[in-house]
Amino acid sequence: MPSYSLSINGQMHTVEAPGEMPLLWVLRDLLDMKGTKYGCGLGICGSCMIMVEGKAKTACLLPVQAVGKQAITTIEGLSGNNDHPIQQAWRTAHVPQCGYCQSGQIMRAAALLQEEPNPSPEQIEAAMSQVLCRCGTYPRIKEAIQSAIQLSKKP
Amino acid sequence: MNRRLFLSTATLASGSLMLGIKARAQASFPPTIDDFQPNRLLVFQKDGIIRLITNKTEMGQGTNSSIRLLAAEELCVPLDWIHQEVRVPADEGFVGTGGSWGMAGYYRGARPIFATARQLFVNAAGQYWSVDPKQIILEEGEFRHPTKSESVSYASLLEVASKLEVPEEAPLILAQAFKYIGKSHPHVHLEAQLNGTLPYGIDQQCEDMLYASIERCPVTQGKLKRFDSTAALHFPGVQAVIPLEGTSWEAYDYFPAGVAVLATNTWAAQQGRHLLEIEWDLGENQKLDNDFIQRHFSEQLDGKGVVFHQTRTEPNASENGTTLTAIYDTPFWSHSPMEPMNTLAAYTTKGCELWTPCHMQSRLLAAVKEVTGFSDRQIKIHTTYLGGSFGRRLLVDYAIEALLLSKASGKPVQLLNTRIDETKQGHYMPAGKYRLESSLKDGLPTSLKLKVVSLSIYAQREPEQLKDGIDHAIGDDFLRYPYAIPYVQYEQMLASEIQIPALWWRGTFANTAGFVMESWMDELAHSTQTDPLAFRLALLTKTEDLVKIRGEETMDKSLFRGVLQEIGRLSGWKKKRKKNQGRGVAACFTFFESYAAIVAEVSVKGNRLKIHKLYCVVECGQVVNPNLVRAQIEGGIVFALSAMLKASITFEQGEVVENSFGDYPTLTYKECPEIEIHLLPSERPACGVGELSNIPTFAAVTNAIFDACGLRIRSLPLNQYLEV
């Protein structure tokens, strides 16, 4: 079984896994990092959204052998104290209902603001439409993203 | 006790909330007992913490988060003194969550219990000071007496209270004095939801566990003929391949025959499935496809059904003016919560333990007993947090499958469905077909004859619930539209021949009845060139306000009128429409005693539909936690839009055609319209909201489409007719 050294949330982890195994299952079943969720396994629902070198990616479609030296950030590594601007904004707007998709929503939104601190409504739509929510939290996500943009601007 | 004492309007400073207790002299006699439980809901501890024991399952609605407000209110204590403990003991009477009745039930049932506990401690304070309890003042958890300089707390009165009898009755806090009820508070799980640490069913683990994935027979009631597991067993990580027989069709928690792959991780189990070679005996239900189902529905509509509601005798034809008829139909829909069905089960010969995201714990316990022959004491059920349900997790089929796999493998097993399993092998919101016929004279309807054919959940799973062949779950929602029509006759047919597993689905038949009835009101209004809102209001004024539905259930027409009048105001109903724009209205009353009305604003350009905004007015009795009530209203609207735009479950040769969110799409962020909600003040007790706003959404949107472009939608989903 091949062995991979992965940089996840600033720490190195070594795992033995078949090269095709998606990072989602490496995280969840081999490294016991359960914050990233399985929703469809087909890259459609976005519940497993993580950041690879700061860019949003669905972990269910990313084979572990393709990760290489790229830095992975998961919901567990987003902030030390639940205080990332996205988390703060999500808290204020009371976004989550069942919460299952919210790791993915939060990671997608964080990646968006990291890439584009002042996104246009179209950029927000394009990014956030990659993560599905069945409970109907979209109106609050919309509100939260606006306040996160403001929060991020503060020095 | 003088209730005026509780009319404190002082807002809690955050400092006192943090400290819990104000800095003032406290009577200091140490209680000799550690805690005291005067009733099934509350445990008072000597450290001042009050444990609140509730049994509602959390799946996003947050009932327990709001029950806490009721306890703090009645006990007159700071909110952070209440420590919530959610216990869902499957063996204590009936334990389950559903029917949108969680908060309504606690609001009515638990507040009197909290109040008697408060009165008990007031009596204890009276005894402690040898004064009349009526003179005791209770504020923010402190008991005082006008003649005493010290105060005492719940904690310091434990010993005294534990020796007194709990009063049978006590006055409730008056609504005008509410400090917590009616104000927004967060979910208690919010922080854990923000950093991914809230454990769902899928996140449960134990020593030595295996992960399972099941390849199930794609056709209902098919059988496993033979299978070859050689290739699957060679896949790295795969440990075992185990066949499952499936249940009989009649079983309450029906599941089909299947072959399970057990592995050291989820991915290996899923990959192993692709390597199985299986031969099924697909059986008779291969005949089920969309044409067969529609033909069967149509044949039934042409025949005679059972009349479940009728007013006086039919008027003779000469009384009638014009006649309108139409056929409506609604598809099968899947629940598709974001967290797929799963369970971690550990079976030994001495007993079993299950960690499962299900909200019908009593049903689960009964099913486990049936399968294992264990007694209550040998079975341990843990309810995890649920990643949504919408009705799917009322059933426990996945838990029983996991248990059988644990028994067969001798290891703890976590079963996880794939998304494709969820879509293809669900239990579905039943499809239906509806025939309507109305006569109109002088601009008003004189009759409404309705025939509804649908799969019956009761006929499939609980035939004992049918009364004289009538499924009231299908029928009752048609009775909840109080429009004055002199002659009505409602008939139903149960499509029992169609063996597709049917299940409750956020609002179930209220959604489809609402779509049909409120669309029909729109058709009638337009046929008489009357404004659809004015047409409805004209039909709501004729007779007395209280209308009996069935049994004890009563609807108040004045509240139905009220939500319609208010939605007219909120939406600016009379504002001029721009070109291509349309507005549609619909309202509903529900068995959980709430009323709602929705106005949808859409535009149709060419063939392209855009839903711009939905306004929603709700009368749901006392609003306990506006934050979570609004979340449920937003959620209901999104749920209905998700279903009606593009989603339907269809069949070919007995198999479900759709696979995942790609071909069974759910609403996305950019498709979600603006939503404006108005909660009406009410003096009624809290009613349900979980399955409310979805009901009028369907017809409000299709009525708006008609208003915009003259296209009458009588069949869902919308993408059959429009680009959405």
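In what order do the seven strands of the open sheet in chain B run?

## The sheet

This is a predicted model. The strand order in chain B is 10-11-8-18-15-16-17. The sheet is open, and its pairing is mixed. Strand 10 (238-244) and strand 17 (379-383) of chain B form the edges. Each of these two pairs on one side only. From one strand to the next, the twist averages 20°.

Inside the order, strand 8 (residues 210-216) of chain B pairs with strand 11 (residues 258-263) of chain B. The sense is antiparallel, over six bridges. One reference point for the register is B:Ala212, whose bridge partner in strand 11 of chain B is B:Leu262.

## A helix on the sheet

Helix 9 (residues 361-372) of chain B packs on this sheet. Helix 9 touches strand 15 (342-348), strand 16 (351-356) and strand 17 of chain B. The direction of helix 9 makes about 145° with that of strand 17 of chain B.

## A helix pair

Elsewhere in the sequence, helix 17 (residues 626-646) of chain B meets helix 18 (residues 694-709) of chain B. Their axes come within 8 Å and cross at roughly 50°. Helix 17 of chain B is therefore oblique to helix 18 of chain B. The crossing is right-handed.

Helix 17 of chain B contributes B:Gly636, B:Ile637, B:Ala640, B:Leu641, B:Ala643 and B:Met644 to the contact. From helix 18 of chain B come B:Asn694, B:Thr697, B:Phe698, B:Val701 and B:Thr702. By class, seven of the contact residues are nonpolar and four polar, with no charged residues.

Notes. Residues numbered from 1 in each chain as written. Chains lettered and ligands numbered in written order. Predicted model: local features only at pLDDT ≥ 70, side-chain atom pairs only at ≥ 80, totals over all residues. Heavy atoms only, no water. Axes fitted to C-alpha atoms, helices over the stretch in contact; angles between N-to-C directions. Helix = DSSP H or I, 4+ residues; strand = E, 2+ residues; numbered from the N terminus. Parallel < 35°, antiparallel > 145°, perpendicular 65-115°, else oblique. Left-handed = near helix turned anticlockwise from the far one by under 90°. Contact = heavy atoms within 4.5 Å. Nonpolar A, V, L, I, M, F, W, Y, C, P; charged D, E, K, R; others polar. Pairing = 2+ DSSP bridges.
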